[in-house]
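Hi,

Here is the model I promised to pass on. Have a look at it first, and my notes follow underneath.

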Amino acid sequence: MFFIQKLLEQSMRLENSSKPIVQIVGKLLGIIPVSYSRYLEKRLMSGKWDPAQKWRKVTPCIKRRHRRKRKQQR
């Protein structure tokens with residue numbers, strides 16, 4: 001969230017520039033926070049995502065290869 005906030009601040013600063021190219025870059029940077037906020041809104045309104053729920057780290061599972069018994073040649 002901090003990154004999105006800083007990105008929005010930078011885009012607002014660039015849009016106030018007198019150079020048209022810099023203004024265009026500012027508008028392009030401003031698209032990212034807006035689309036991200038719409039994405040978060042959809043997740044919240046769907047009811048499947050609870051931001052208050054603590055995220056748990058999944059414990060890594062160690063996969064071990066089982067050796068097959070080879071037939072002994074006589």
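In α2, the buried residues are Gly26, Gly30, Pro33 and Leu40; buried means under 20% relative accessible area, exposed over 50%, and partly exposed in between, with a 1.4 Å probe and protein chains only. Part of what covers these buried residues of α2 is α1.

Before I go on, the small print: this is a predicted model, in which local features need pLDDT of at least 70 and side-chain atom pairs count only at pLDDT 80 or more, while totals for chains, interfaces and linings use all residues. Residues are numbered from 1 along each chain as its sequence is written, and side-chain values use heavy atoms, with hydrogens and water left out.

Overall, the protein has two helices and zero strands (DSSP runs numbered from the N terminus, with H or I of at least four residues for helices and E of at least two for strands). Of its 74 residues, 11% count as buried. The exposed surface comes to about 8300 Å², with 56% of it supplied by carbon and sulfur atoms; these areas come from the Shrake-Rupley method with a 1.4 Å probe, and for residues only the protein chains shown count as cover.

Back to α2. Its 27 residues should span 39 Å at 1.5 Å a residue, and the end C-alpha atoms are 40 Å apart, which agrees. The expected span here is 1.5 Å times one less than the number of residues. After α2 comes Gly47, whose phi is positive, near 85°.

Now α1. For its 14 residues the expected span is 20 Å, and the end C-alpha atoms are 20 Å apart, so that agrees too. Ile4, Leu7 and Ser11 are buried in this helix. Looking down the axis of α1, the buried residues fall within an arc of 60°, so they line one face of the helix; the arc is that of the directions from the helix axis to the C-beta atoms. Phe2 and Arg13 are exposed on the other side of α1.

What does the buried side of α1 pack against? The buried residues of α1 pack against α2. Ser11 shows this nicely: its relative accessible area is 1%, so it is buried, and, leaving aside neighbours within four places in sequence, it is in contact with Gly26, Leu29 and Gly30 (contact means heavy atoms within 4.5 Å). Glu9, also in α1, is partly exposed at 28% relative accessible area. The C-alpha atoms of Glu9 and Gly30 are separated by 8.7 Å, although the two residues are 21 apart along the chain.

Between the helices, Ser17 sits in the loop from α1 (2-15) to α2 (20-46). A polar atom of the Ser17 side chain lies 3.3 Å from the backbone nitrogen of Lys19. Beyond its neighbours within four places in sequence, Ser17 is in contact with Val22 and Gln23.

Last, the aromatics. A search of the whole structure finds one aromatic pair. The rings of Tyr36 and Tyr39 have their centres 6.2 Å apart and their planes at 40°, so the pair is tilted. By the cut-offs, rings of Phe, Tyr and Trp (its six-membered ring) pair if their centres lie within 6.5 Å, with planes under 30 degrees apart counted as stacked, over 60 as edge-to-face and the rest as tilted. Tyr36 and Tyr39 both lie in α2, three residues apart, about one turn of the helix. Tyr36 is partly exposed at 31% relative accessibility, and Tyr39 is partly exposed at 44%.

Cheers

Notes
Polar contact = N/O pair within 3.5 Å; in protein donor to acceptor, adjacent residues only side chain to side chain.
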